[in-house]
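Student: Take me through one part of this model in detail, please. I would like a close look at the surroundings of the ligand.

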Amino acid sequence: MYHLKHNFSLKSNNTFGISANAKHYLTVDSPEDLILFFRENNPEKNEERLFLGAGSNLLFVTDFNGIIIRPEIVGIDLISEDNDVAVVEAGAGVVWDHFVDWCVERGFGGVENLSLIPGNVGAVPVQNIGAYGVEAESVVAEVKGIDLDILECKSFNHSECQFGYRTSLFKAVLKERFMVTSVIFNLTKQPEFHLEYGALKTEVLKLGKINLRNIRKAVILIRESKLPDPSKVGNAGSFFKNPIVPEAIGNVLKNNYPDMPVYHAGAGLVKIAAGWLIEKAGWKGKSVGNSAVHDKQALVIINKEGATGKEIFKLSEMVVKDVLKKFNIALEREVLVIGNQQASFGEPK
Ligand code: EPU
């Protein structure tokens with residue numbers, strides 16, 4: 001089935017809790033219904049599209065003057081299983097953390113470090129979500145969806161997805177063209193635990209044995225202690241990406257700021273903790289109007305109450321400007337900004 005609504009309020013469809021309207025808002029509960037909608041209604045080819053999951057990585061700075069498509073395709077199916085691997089398919093509309101819980105309860109490893117990340121399964125390969133030393137790409141085997149330009153079902157195997165840090169083929173070349181309808185995951189029944197990140201191992205050991213359930217619990221405890229719960233305080237998780245810079249630049253900064261967190265990021269590159277840069281630029285816990293930089297994790301911007309998308313964007317601009325001034329590093333937004341807002345000094349590269 002499909003449902004089309006017009007001039008639809010998005011306030012409860014974005015975790016920032018921003019008031020904005022969509023010109024058209026379509027929900028579908030199967031891939032076939034999406035194709036049916038396009039065949040029956042023939043929407044304008046050049047109409048702007050946005051695929052929406054839980055709205056946990058979006059900032060609306062204006063109304064959306066196009067069609068928002070929300071796949072409400074649910075269901076988790078065990079496709080095959082042997083002694084080592086479980087192959088599981090989950091619909092794009094499945095809440096990600098329900099999927100993680102489902103896997104952990106069955107002893108299927110690979111996603112436990114990604115517990116409590118807000119969002120739905122459909123966004124997982126698009127954004128290549130990651131946390132606590134694990135990226136979604138390590139478990140995604142295949143991504144199924146619909147190419148809306150030709151109205152055909154298509155699927156991409158792991159190597160075709162072009163995964164990168166918080167990006168993929170679906171976020172780049174196929175943006176607004178290919179809508180994910182389900183994802184096939186390869187999970188392991190002989191889990192290798194990833195506990196190297198920060199204090200994760202210590203937190204797990206406090207709970208008892210190292211196993212999937214305790215890792216999930218520890219990740220949830222750590223996240224809850226640092227990150228605001230979007231059902232209580234509007235936010236979209238990390239607002240910025242951790243910048244990746246040439247090693248030489250990283251070394252110079254590290255000489256000047258020995259406590260700066262720096263991680264290897266492939267040949268000749270290092271990743272710098274944006275939260276640290278923002279904190280050192282003096283922004284942690286600071287408010288501008290109704291928006292603020294979170295006081296426990298400076299990478300997160302919050303809607304204190306009743307903030308507009310423009311206000312939040314403005315605050316993010318001020319943060320980018322000050323980090324650039326202090327460290328000569330241009331932060332990039334991880335959150336997708338929707339609207340015609342132009343940064344007053346240009347989008348950072
Ligand atoms: N830090 C500060 N001040 C801050 C925040 C962080 O000094 O205000 C320092 C921390 O002390 C630590 C380092 O920066 O040394 C990294 O901080 P943290 O472990 O909190 O992780 P992060 O790099 O800030 C990334 C992800 C998060 C994910 C965590 C844990 C990005 C953009 N963000 O944050 O993902 O939960 O690692 O793996 O990669 C998200 O994408 O929405 C998200 C929350």
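Tutor: Start with the elements. Helix H5 (212-226), strand E13 (234-238) and helix H7 each give at least two residues to the shell around the ligand. Helices here are DSSP runs of H or I with at least four residues, strands are E runs of at least two, and both are numbered from the N terminus. H7 makes the largest contribution to the shell, three residues.

A word on the source: this is a predicted model, where local features need pLDDT of at least 70, side-chain atom pairs count only at pLDDT 80 or more, and totals for chains, interfaces and linings use all residues. Residues are numbered from 1 along each chain as its sequence is written, and side-chain values use heavy atoms, with hydrogens and water left out.

Now the residues. The ligand is surrounded by 23 of them, each with a heavy atom within 4 Å of the ligand. Tyr132, Tyr197, Asn242, Glu279 and Ala298 are the closest.

Next come the polar contacts, meaning pairs of N or O atoms within 3.5 Å. Tyr132 uses its backbone: a polar atom there is 2.5 Å from a ligand oxygen. Tyr165 uses its side chain, with a polar atom 2.8 Å from an oxygen of the ligand. Lys226 also brings a polar side-chain atom, 3.1 Å from a ligand oxygen.

How much of the ligand does the protein cover? On its own, the ligand has 820 Å² of accessible area, and the protein covers 82% of that. Such areas come from the Shrake-Rupley method with a 1.4 Å probe.

Notes: Polar contact = N/O pair within 3.5 Å; in protein donor to acceptor, adjacent residues only side chain to side chain.
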